[in-house]
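Colleague: I should like a close look at a single part of this protein, namely the surroundings of the ligand. Please set that part in the context of the whole chain.

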Amino acid sequence: MKHFNKKLTFFIKTFGCAMNENDSEKLSGMLKALGYVEENDINKVGLVIFNTCSIRENADDRVFGNIGAIKTVKKTNPDLILAVCGCMMQQPEIVKKIVRTYPQVDLVFGTHNIHQFPELLNNFLVNGQRMIEVWEDSDAIVEDLPTDRRYPFKAFVTIMNGCNNFCTYCIVPYTRGREVSRQPGKIFNEVQALVADGCVEVTLLGQNVNSYGNDLEKDVNFANLLRKLNTIENLKRIRFMTSHPKDLTDAVIEAIADCDKVCNYIHLPIQSGSTRILKAMNRKYTQEDIINRVQKMKDRIPDVAITTDIIVGFPGETEEDFMETLKVIKACKFDSAFTFLYSIRTGTPAATMENQIPEEIKHDRINRCLEVLHQIGHDINQNYQDRVVEVLVEETSRNNPDRMTGRTRTGKLVIFEGDLSDIGKQVMIKITDAKTFSLDGKKIEQEETDGRINPYDDPVPENS
Ligand code: SF4
């Protein structure tokens, strides 16, 4: 045994999205099952894992910066093992670069074989030789991996992996492979077990949850999955992300409307409001489709909150295209949006498109876009003033230890005076100060609510 690591401690740094966070919870769960404990001091820790993201090129640079820094740490902590995994490792040229240039990396594995991690780690400990093992693809999701959840009262549940859509700016289909859905029974059992363990909220994860089940039997689809999970006793809230507008069927909208546990909140990334740019992005829907879907949701789902993602400055985007995006934002009245400047992602079709947009134009457009979004968000939040809302309390406010934060069913961040005993509970909060990005409120007792514990009983905001 060339290398034996005596320190059974680990540190995981996660880059990127909720799917990666969920993978990190599994890595942590596997390590804890092996007897490892978490340690935040990188100078003392025995094992460091970087779970990487490849969605943006500057995310790659950050990862390489972190890997570079470990070289120095290894001088004072020579037993340290460095493992690197996640989406970046699904790109062969990245793995080649690591093998060639970063001898401090001991283990490399990908998104399709995280279940092999304990075996790879053990092989490394026994042989002391670098382990590089990345699967190109997989046609199944490995079940029953131990998961170390960050919160006892809420959990991520991956329902599918991969994506079939090949949006022209996106690297995900190349790194996460084709869509693979989990069997509904497995998902149901997992959620049931989570609820038995004290969890009250689940967030169903997939790159495009609306196409869940397309690779399974005829009756398996996202709408039916929501209806089935809605029957689980003591589960209070079901959330999901991410939805692709082209696959948001009437059946899904009806299921959200019918199922009391499914939150009246949808993140629906539109990316652009220009039909011409949407075509260049290969999104397979039009401006009209977006407006139609949003209207349908607002008609059918009481008090629904809708957020979105917008990319500005996609190659070839003219001022007219950008104005179309603003038009759609105003028509749909999104509660909020994640906005991105288009950035080249090597390996995607858009990276080599002509008419890349100058940075100053992108910045000007994103600022104008944010101005419109913030005004709409502010107006929508004003409708919460003096309302009583149900909040699932999550943690202590970062800015004030006497205040707690939580989310409404519509995903709004609420801040109120409370204490640690509130964490994980659903409390009723009267909103006293509705701000643009959050709502301040005061905790009230059940009697003060006139028995209204369901936020659907609140007046529907004008904007919806
Ligand atoms: S739907 Fe498009 S943006 Fe989303 S993961 Fe798939 S390719 Fe990427």
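**The ligand shell and its setting**

Modeller: Buried residues account for 54% of the 464 residues in the protein. The model is a predicted one, and the description below moves from the overall fold to the part requested.

The secondary structure consists of twelve helices and 19 strands. The radius of gyration is 23 Å, which agrees with the value near 23 Å for a compact globule of 464 residues. The C-alpha trace extends over about 70 × 55 × 50 Å along its principal axes. Of the contacts between residues at least 6 apart in sequence, 75% connect residues at least 24 apart. The accessible surface amounts to about 20,500 Å², and carbon and sulfur atoms contribute 50% of this area.

Turning to the ligand, the residues that surround it are C163, N165, F166, C167, Y169, C170, V172, P173, Q207, H244 and R283. By character, this shell divides into seven nonpolar residues, three polar residues and one charged residue. Three of the cysteines carry an annotation: an unreviewed UniProt entry gives C163, C167 and C170 as a "binding site".

C163 belongs to the loop that runs between strand 8 (160-161) and helix 5 (172-175). Its relative accessible area is 9%, so C163 is buried, the limit being under 20%. Beyond its neighbours within four places in sequence, C163 makes contact with V172, P173, G177, R178, E179 and Q207. V172, P173 and Q207 also appear in the list of residues around the ligand.

C170 is likewise placed in the loop between strand 8 and helix 5. With a relative accessibility of 13%, C170 counts as buried. When residues up to four places away in sequence are set aside, C170 touches I55 and T348.

A second group of cysteines deserves attention for context. The unreviewed UniProt entry also places a "binding site" at C17, C53 and C87. These positions are spread over 71 residues of sequence, yet they cluster in space, with a largest C-alpha distance of 10.5 Å. C17 is located in the loop between strand 1 (9-14) and helix 1 (18-33), and it is partly exposed at a relative accessible area of 36%. C87 occupies the loop between strand 4 (81-86) and helix 3 (92-101). At 8% relative accessibility, C87 is buried. Apart from residues up to four places away in sequence, C87 touches N20, T52, C53, S54, T111, T175 and R176; one of these, C53, is itself among the annotated positions.

The region around this second group is also annotated. UniProt, again in an unreviewed entry, lists residues 8-126 as "domain: MTTase N-terminal". Over that range the chain is 47% helix and 19% strand, and its end C-alpha atoms lie 15 Å apart. I49 offers a view of the interior here: I49 sits in strand 3 (residues 47-52) and is buried, with a relative accessible area of 0%. Its contacts, residues up to four places away in sequence not being counted, are F11, I12, K13, L27, L31, A83, C85 and F117. For a sense of distance across the chain, the C-alpha atoms of I49 and Y384 are 42 Å apart, with their positions 335 residues apart in sequence.

To return to the part requested, C163 and C170 both stand among the residues surrounding the ligand. C163 is buried at 9%, and C170 is buried at 13%.

Conventions. Residues are numbered from 1 along each chain as its sequence is written. This is a predicted model: local features need pLDDT of at least 70, side-chain atom pairs count only at pLDDT 80 or more; totals for chains, interfaces and linings use all residues. Side-chain values use heavy atoms; hydrogens and water are left out. UniProt positions are given in the numbering used here, feature names are shortened, and annotations may be inferred rather than shown by experiment. Helices (H or I, at least four residues) and strands (E, at least two) are DSSP runs, numbered from the N terminus. Buried means under 20% relative accessible area, exposed over 50%, partly exposed in between (1.4 Å probe, protein chains only). Contact means heavy atoms within 4.5 Å. A residue is near a molecule or strand if one of its heavy atoms lies within 4 Å of it. Ala, Val, Leu, Ile, Met, Phe, Trp, Tyr, Cys and Pro count as nonpolar, Asp, Glu, Lys and Arg as charged, and the others, Gly among them, as polar. The radius of gyration is taken over C-alpha atoms; the globule rule is 2.2 Å times the number of residues to the power 0.38. Accessible areas come from the Shrake-Rupley method with a 1.4 Å probe; for residues, only the protein chains shown count as cover.
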